[in-house]
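Morning, everyone. I have one structure to go through today, and I will spend most of the time on the ligand site. Here it is.

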Amino acid sequence: MARECWGYAAFDHSGTMKPFRFTRRKCRSEDICFEVKYCGICHTDLHQIKDDWKELPATYPMVPGHEVVGIVCEVGRDVKTFKPGDRIGVGCIVNSCGQCDHCKRHLEQYCERKFVWTYNDKDIYVDGNITYGGYSTLMVVPERYALKIPEALPLDAAAPLLCAGVTVYSPMKHYEMEKGGKNFGVIGLGGLGFMAAKFAKAFGMRITVISTSPSKEQEARHALHADHFVVSTDPKQMKAAEKSLDFIIDTVSAEHSMDQYLPLLRTNGKIILVGIPSKPLEVSAFNLHAARRCVGGSLIGGIRETQEMLDFCGKHHIFCKIELIPIGYVNEAMVRLVKSDVKYRFVIDVAASTPPEFRPN
Ligand code: NAP
Ligand code: ZN
């Protein structure tokens, strides 16, 4: 039977969210249905509700949320790895072709046919219906895209790992940063940046945080054990940091010039873009050629890698510092996110802030 669901949705590109009732499909043999407990607010949610990206146009009503954790309430008859009562997580992907070379290599995020985003997409592999994310009471997901949340992690602070965590972990692994010993820089100490700094320390790298917010310095140095903190709006500090870094992960969500940051890289240094500003970035050829620098990009992570990252976090007790909010606060949270005013991820306490009449039974 289809299930009644309640959540918050955006209805137009003003991005203002309001309560919304809808139904989820019934649990098929390969599906898991779970009660959402917490959902992180990724800056992508803000880009999407505001229809910032022409490459991923918005469909309304849009229920955002792709950092979703909860407790399983029902499993289809073919589900083997989850049972009612288990902790479960869902990130950015809820389906893919499963047949192409990339899917077979567990790189569903680069599926050659199409992978299905957790929200603002159509699930062409199930029923063609619009997908709705985790700012809602219930979710239904095929077992293949469900993740195990290690018991060692607090459920609320584990939510941001499902997008912010894996989005930085994946390129860090791809470029073998886990071998340690390198000088690592992260631009932007938001949700992704915080997780990148955590992994960089766990991998044994020296960290430079490059930020527009001097107010984040103390925490970066003490809680994240950053070796250096550079205020990017201070030309003297930027000059002093020139040619000091082997890798940079750029998490900036807004328009910016890469030329401001490229001089920080040493010869053969690499800057990996994970932030998704809506407009193209400026890059001077001279800044690349002068020290054989590379610019790369990376999109979230596959399901197997997301599980590997979660297990790594469980083992090393890594999770995000969060600000827990009721679902009715989402519009204020978005206003603060624009101003980089969150340390370091808003997480919605979905279960506790759902009105009693809409709670799943
Ligand atoms: P966030 O929490 O808002 O963090 C972004 C940080 O960038 C801010 O906290 C701020 O840090 C810095 N920043 C903001 N405006 C800036 C500007 N004009 N110049 C320089 N720095 C600025 O956002 P997030 O959730 O981490 O997401 C970051 C970006 O990654 C978004 O564009 C999001 O869509 C994208 N994303 C991409 C993927 C992927 O697969 N590639 C996955 C998830 C998210 P300071 O205060 O330290 O300066
Ligand atoms: Zn995200």
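A polar contact, as I use the term, is a pair of N or O atoms within 3.5 Å. Keep in mind that this is a predicted model.

With that cut-off, start at Thr-212. An N or O atom in the Thr-212 side chain sits 2.6 Å from an oxygen atom of ligand 1, so the pair counts as a polar contact. Arg-345 does likewise through its side chain, where an N or O atom is 2.6 Å from a ligand 1 oxygen. Leu-189 uses its backbone: an N or O atom there lies 2.7 Å from an oxygen of ligand 1.

How much of the ligand does the protein cover? On its own, ligand 1 has 920 Å² of accessible area, and the protein covers 92% of that.

Now the shell. There are 30 residues around ligand 1, and those that come nearest are Ser-211, Thr-212, Ser-213, Lys-216 and Arg-345. By type, the shell has 15 polar residues, 13 nonpolar and two charged.

Where do they come from? Domain 1, which is 3–154 plus 322–358, and domain 2, 166–297, each provide at least three residues of the shell. Among the helices, α1 (43–49) and α5 (191–202) each supply at least two. The most comes from α1, with three residues.

Last, the annotation. The unreviewed UniProt entry places "domain: Enoyl reductase (ER)" over residues 15–348. In the model, that span is 23% helix and 25% strand, and its end C-alpha atoms lie 17 Å apart.

That is what I have.

Terms used. Residues numbered from 1 in each chain as written. Chains lettered and ligands numbered in written order. Predicted model: local features only at pLDDT ≥ 70, side-chain atom pairs only at ≥ 80, totals over all residues. Heavy atoms only, no water. Near = heavy atom within 4 Å. Polar contact = N/O pair within 3.5 Å; in protein donor to acceptor, adjacent residues only side chain to side chain. Areas by Shrake-Rupley, 256 points an atom, 1.4 Å probe, with all protein chains shown as cover. Helix = DSSP H or I, 4+ residues; strand = E, 2+ residues; numbered from the N terminus. Nonpolar A, V, L, I, M, F, W, Y, C, P; charged D, E, K, R; others polar. Domains from an automatic or database assignment. UniProt positions renumbered as here; feature names shortened; annotations may be inferred.
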